[in-house]
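Colleague: Please choose one part of this model and take me through it closely, then show me what else there is to look at. I work at the bench, so plain language would be welcome.

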Amino acid sequence: MKNITIISAFIIAISFGQAFGQMVPEPRATEVWGKEPVKVTPGENGSPPSDAIILDHSAWESIDGGENKWDNQDGVMTIKPGSKDIRTKKSFGDVQLHVEWRIPELGPEFKDQDRGNSGVYLQQFYEVQVLDSYTNKTYNNGQAGSLYKQYIPLVNATKPAMEWQTYDIIYTAPHFGKNGTVISPARMTVLHNGVLIQNNVSLLGPTVYIGAPAYEPHGNLPIYLQDHNHKVSYRNIWVREL
Ligand code: MG
C-alpha cells in the first residue's frame, strides 16, 4: 500500500512538472527574427552617416525661387544680409537634422534679438532659434535653442561667437485630418552642442513673431534657414529622412 502511494505521488509529480513545463514559454517565443534594421555606417566627428542627404550650397534656393545667394566658401555658407531666407529644393517630413552654425564677431551695440539672429525652420514654419546667447540677454523663449516664442531651452549650452556650434534635431511632422483638424502636432527634440535642450515637445503651431500660433494643414515642406541681416555661417548640414 505504501509503495502504491509513493508510486502515485511520483506519477502525479511527473505529470505536474510536464504541465508546468508547457506553461513556461521558450525564450525564442519573444525573439524577432527576419526584420533586420538597414545597415548605416556612422560618420566620424559629426560627419554625415552613410544614409544622410547632404545639404550643401547647391541643395538650397532663395525663397523667391531663384538661386541661393548666400556666400559659399570652402563648404561654409554665410548669410549675405538682405539676400533673403533660403530653403531646401527638396521637401521633407519626419527628419533627423544636423546643422553647424557660427555667430560672427559683433560689437556691443548689437543686442537682444539683433545679435547674430538667424534660424533653422523645420517644414518652413517651425523655428529653432539661432542667436548669440552666450551672454546676450533677450526674452528667454527667443534665445538660442528656443522653439521661437513657444519653448525655452532646458539649459543654455551656447558657445561664444566665432566658435562652431551644433544642433541635432529630431523632428516629427504634424498630421492633419480631412477638415484641417490636428490629429497630431509637430514634435521636436533638440541637442545643442550635444546637450539636450528640447525633449520631444509638442509645438502649438507655427513659431510666429506676433500673436498666438495656429496650425494650417500642410504636407511635406522644405527646411528654411533665416536671413535676419546678420552674417551667421552654416556648414556640414545633413538630414536623414525618418
Ligand atoms: Mg531667428
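Modeller: Happy to. Helices here are DSSP runs of H or I with at least four residues, strands are runs of E with at least two, and numbering starts at the N terminus. By that count the chain has one helix and 15 strands. This is a predicted model, in which local features need pLDDT of at least 70 and side-chain atom pairs count only at pLDDT 80 or more, while totals for chains, interfaces and linings use all residues. Residues are numbered from 1 along each chain as its sequence is written, and side-chain values use heavy atoms, with hydrogens and water left out.

The part I would choose is the magnesium site. Donors are N, O or S atoms within 2.8 Å of the metal (3.2 Å for Na, K and Ca), and because water is not among the atoms, sites may look incomplete. The protein donors of the magnesium ion lie 2.2 to 2.4 Å from it: Asn117 through OD1, Ser118 through O, Glu127 through OE, Gln129 through OE1 and Gln226 through OE1. Read along the chain, these donors follow the spacing N-S-x8-E-x1-Q-x96-Q. Asparagine 117 sits in the loop between strand 6 (95–102) and strand 7 (118–122), whereas glutamate 127 belongs to strand 8 (residues 126–130), so this pair ties together parts that are ten residues apart in sequence.

Are asparagine 117 and glutamate 127 buried or exposed? I call a residue buried under 20% relative accessible area, exposed over 50% and partly exposed in between (1.4 Å probe, protein chains only). Asparagine 117 is buried, at 2% relative accessible area, and glutamate 127 is buried with a value of 2% as well. For the chain as a whole, buried residues make up 42% of the 242 residues.

Strand 8 also holds tyrosine 126, which is buried with a relative accessible area of 0%. A contact means heavy atoms within 4.5 Å. Setting aside neighbours within four places in sequence, tyrosine 126 has contacts that include Val120, Tyr121, Tyr171, Pro174, Met188, Leu203, Tyr215 and His218. Arginine 240 is 114 residues away from tyrosine 126 in sequence, and their C-alpha atoms are 18 Å apart.

With the site in view, here are some other places in the chain. Histidine 192 lies in strand 12 (residues 187–192) and is buried, with a relative accessible area of 1%. Beyond residues up to four places away in sequence, histidine 192 touches Trp101, Ala157, Thr158, Gln165, Thr166, Tyr167 and Ile197. From histidine 192 to valine 99 is 93 residues in sequence and 9.8 Å from C-alpha to C-alpha.

Isoleucine 53, in strand 1 (residues 53–54), is partly exposed at 26% relative accessibility. The C-alpha atoms of isoleucine 53 and valine 239 are separated by 5.3 Å, with their positions 186 residues apart along the chain. Valine 239 is one of the contacts of isoleucine 53 outside its neighbours within four places, along with Lys90, Phe92, Ile237, Trp238 and Glu241. Across the chain, 66% of contacts between residues at least 6 apart in sequence join residues at least 24 apart.

Asparagine 179 shows a wide separation to set beside that one: its C-alpha lies 36 Å from that of leucine 196, 17 residues away along the chain. Asparagine 179 is in the loop between strand 10 (175–176) and strand 11 (182–184) and is exposed, with a relative accessible area of 66%. For scale, the C-alpha trace spans about 105 × 40 × 35 Å along its principal axes.

Lastly, a word on backbone angles. Most residues other than glycine have a negative phi. Methionine 162 has a positive phi of about 75° although it is not a glycine; this methionine lies in the loop between strand 8 and strand 9 (165–172) and is partly exposed at 41%. Asparagine 200, also not a glycine, has a positive phi of about 55°. Asparagine 200 is part of strand 13 (residues 195–202) and is partly exposed, at 40% relative accessible area.
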